[in-house]
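The following paragraphs offer a guided reading of a single protein model. Please keep the sequence and the three-dimensional view at hand while reading.

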Amino acid sequence: MAELIKLYEENPNPKQVQKIVDVLRKGGLVIYPTDTVYGLGCDITNSKALQRIARIKGIKLEKANWSFICADLSNLSDYVRQIDSSTFKILKRTLPGPYTFILPGNNNLPKDFKKKKTVGIRVPDNAIARALVSELGHPIVSTSIRDDDDILEYTTDPELIFEKWQNLVDIVIDGGYGDNVASTVIDLSGDEPEVVREGKGSLEIF
């Protein structure tokens, strides 16, 4: 059964962050807050953890299109091919923020993502999510936790999330109520930017 851990975004407790990251390093699954909806994540280098998420989501790992949650843009070149200055300016202007940008992947992607031509990069405007990634030392792979209810697409109450997910994950972070609108997804891997999904992020960024 999962553990419910309360963290405050204004000042995430370093000891609790370390405890959560230790679980991630051992292949654990964590549900955590972002600047949009709550996310389900694991260490991007842990194949067993990635397989667990794939099973929960009912998809094959090689078919999964998950985001890489990053603390900032400093390690972008670890996973993304060189991008032009106009693309980088868009990233600098909007991140941290409620956007997922699809960018061309490079040859250094972790082994489970080697066949991917693109990668979704996300730097959420949420101190808890970024503290986890900073402490881990590389991105967390992430997917939104969707609700079975057609009307309420995303659960926003962390206690209700815990109730539903406690037997599937290792830790649920209570970072306060989440949003019920996902990030805006923009594909910057081609010649022209393409909006894949309209979400919380404004489209007036170009």
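Asp174 belongs to strand E8, which covers residues 171-174. This is a predicted model, and its surroundings can be read residue by residue. Is Asp174 buried or exposed? With a relative accessibility of 11%, Asp174 counts as buried, because the limit for that class is set at under 20%. Once neighbours within four places in sequence are left aside, the contacts of Asp174 are Leu4, Ile5, Lys6, Leu7, Tyr38 and Pro158.

The account now turns to strand E3. Strand E3 comprises residues 39-43, and five of its five residues are buried, so the strand is largely enclosed by the rest of the structure. Strand E2, residues 30-32, is joined to E3 by three bridges, and the two strands run antiparallel. Within this pairing, Tyr32 has Gly39 of E3 as its bridge partner. E2 and E3 together form a hairpin, with six residues lying between them. E3 also pairs with E7: five bridges join these two strands, again in an antiparallel arrangement. Here the bridge partner of Cys42 is Val141 in E7.

Strands E3 and E7 have a further role in the picture, since both are among the elements that cover the buried residues of helix H2. Which residues of H2, the helix spanning residues 47-57, are buried? They are Ala49, Leu50, Ile53 and Ala54. When H2 is viewed down its axis, these buried residues fall within an arc of 145°, so they line one face of the helix. The other side of H2 carries Lys48 and Arg55, which are exposed.

A second helix can be read in a similar way. In helix H3, residues 85-94, the buried residues are Thr87, Ile90, Leu91 and Thr94. Seen down the axis of H3, they fall within an arc of 95°, and therefore they line one face of this helix. The face turned away from that buried side bears Ser85, Lys89, Lys92 and Arg93, which are exposed. Strand E5, residues 99-104, is included in what covers the buried residues of H3.

From E5 the path leads to strand E9. E5 and E9 are paired in the parallel sense over four bridges, and Thr100 stands opposite Val185 of E9. Strand E9, residues 184-187, is covered on both faces: Thr184 and Ile186 are buried on one side, while Val185 and Asp187 are buried on the other. E9 pairs as well with E10, this time in the antiparallel sense and over three bridges. In that pairing, Val185 stands opposite Arg197 in E10. E9 and E10 are joined by a hairpin through six residues.

The pockets of the model remain to be described. Rolling a probe the size of a water molecule over the atoms shows where empty space is left. How much space lies in the largest pocket? The volume is about 620 Å³. Thirty residues would be a long list, but of the 30 that line this pocket, the closest to its centre are Asn65, Trp66, Ser67, Thr100 and Arg197. Thr100 and Arg197 have already appeared, the former opposite Val185 in E9 and the latter opposite Val185 from its place in E10. At least two lining residues are supplied by each of strand E4 (67-69), E5, strand E6 (118-122), strand E7 (140-144) and strand E10 (194-197). E6 provides the largest share of the lining, four residues. Sorted by class, the lining of the largest pocket consists of 13 nonpolar, 12 polar and five charged residues.

The second largest pocket has a volume of about 190 Å³. Of the 14 residues that line it, Asp84, Thr87, Leu188, Gly190 and Asp191 are the closest to the centre. Which element gives the most to this lining? Helix H3 does, with three residues. Thr87 was introduced above as one of the buried residues of H3. By class, the lining of the second largest pocket holds five nonpolar, five polar and four charged residues.

Note on methods. Residues are numbered from 1 along each chain as its sequence is written. This is a predicted model: local features need pLDDT of at least 70, side-chain atom pairs count only at pLDDT 80 or more; totals for chains, interfaces and linings use all residues. Side-chain values use heavy atoms; hydrogens and water are left out. Buried means under 20% relative accessible area, exposed over 50%, partly exposed in between (1.4 Å probe, protein chains only). The arc is that of the directions from the helix axis to the C-beta atoms. Contact means heavy atoms within 4.5 Å. On a 1 Å grid over the protein atoms alone, a cavity is a set of points where a 1.4 Å probe fits but cannot get out, and a pocket is an open set with protein on both sides within 12 Å along at least five of seven lines; lining residues have an atom within 4 Å of a point. Grid points are joined across faces, edges and corners, and a volume is the space filled by probe spheres set on the points. Ala, Val, Leu, Ile, Met, Phe, Trp, Tyr, Cys and Pro count as nonpolar, Asp, Glu, Lys and Arg as charged, and the others, Gly among them, as polar. Two strands pair if DSSP finds at least two bridges between them.
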